[in-house]
Amino acid sequence: MLDLKLRELRLENGYTQSFVAEYLNVQLNTYSQYETQKREIPLELLVKLSKLYQVSVDYVLGLTL
């Protein structure tokens with residue numbers, strides 16, 4: 001299992017789960033499941049998140065420092 005940085009990035013940027021869910025145009029419970037890795041995040045949303053946080057997709061996935 002990958003060590004997703006979704007929660008860490010969200011908190012570092014001062015965003016709520018509701019804000020990020022709205023940005024991605026998904027339900028809050030869906031985004032929460034992405035953070036807890038109970039649901040796989042689609043590639044297109046992963047790219048949107050990397051743009052929101054201005055980091056690489058590899059970083060979001062926990063593959064780089």
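Leaving aside neighbours within four places in sequence, Val20 is in contact with Arg10, Tyr15, Tyr31, Leu49 and Tyr53, where contact means heavy atoms within 4.5 Å. The model is a predicted one, in which local features need a pLDDT of at least 70 and side-chain atom pairs count only at pLDDT 80 or more, whereas totals for chains, interfaces and linings use all residues. Residues are numbered from 1 along each chain as its sequence is written, and side-chain values use heavy atoms, with hydrogens and water left out.

Val20 lies in helix H2 and is buried, with a relative accessible area of 0%; buried denotes under 20% relative accessible area, exposed over 50%, and partly exposed the range in between, for a 1.4 Å probe and protein chains only. One of the contacts of Val20, Leu49, stands 29 residues away in sequence, with a C-alpha to C-alpha distance of 8.5 Å. Arg10, also in contact with Val20, is placed in helix H1 (residues 6-12) and is likewise buried, at a relative accessible area of 8%. Beyond four places in sequence, Arg10 touches Tyr15, Thr16, Gln17, Val20, Tyr31, Glu35 and Tyr53. Tyr15, Tyr31 and Tyr53 thus appear in the contact lists of both Arg10 and Val20.

The chain as a whole has five helices and zero strands, helices being DSSP runs of H or I of at least four residues and strands runs of E of at least two, numbered from the N terminus. In sequence order the pattern reads α-α-α-α-α. The radius of gyration is 11 Å, close to the 11 Å that the globule rule gives for 65 residues, so the chain is as compact as a globular protein of that length; the radius is taken over C-alpha atoms, and the rule is 2.2 Å times the number of residues to the power 0.38. Along the principal axes, the C-alpha trace spans about 30 × 25 × 20 Å.

Buried residues account for 34% of the 65 residues, and of the contacts between residues at least 6 apart in sequence, 53% join residues at least 24 apart. The accessible surface comes to about 4400 Å², with 49% belonging to carbon and sulfur atoms, as computed by the Shrake-Rupley method with a 1.4 Å probe. The chain carries 7 positive and 8 negative side chains, and the centres of the two sets lie 4 Å apart; Lys and Arg count as positive and Asp and Glu as negative, without His or the chain ends, and each charge is placed at NZ of Lys, CZ of Arg, CG of Asp or CD of Glu.

In the loops, two residues that are not glycines adopt a positive phi of about 60°, namely Asn25 and Gln37. Asn25 is found between H2 and helix H3 (28-35) and is exposed, with a relative accessible area of 68%, while Gln37 lies between H3 and helix H4 (43-53) and is partly exposed at 23%. Val55, in the loop between H4 and H5, is partly exposed at 26% relative accessibility. Apart from residues up to four places away in sequence, Val55 touches Leu9, Ser50 and Val60, and its C-alpha atom is separated by 9.5 Å from that of Leu9, 46 residues apart along the chain.

The mean pLDDT, the predictor's confidence in each residue from 0 to 100, is 94 over the chain, and 97% of the residues score at least 70. Confidence is lowest in helix H5 (residues 57-60), at a mean of 95, and highest in helix H2 (residues 17-24), at 98.
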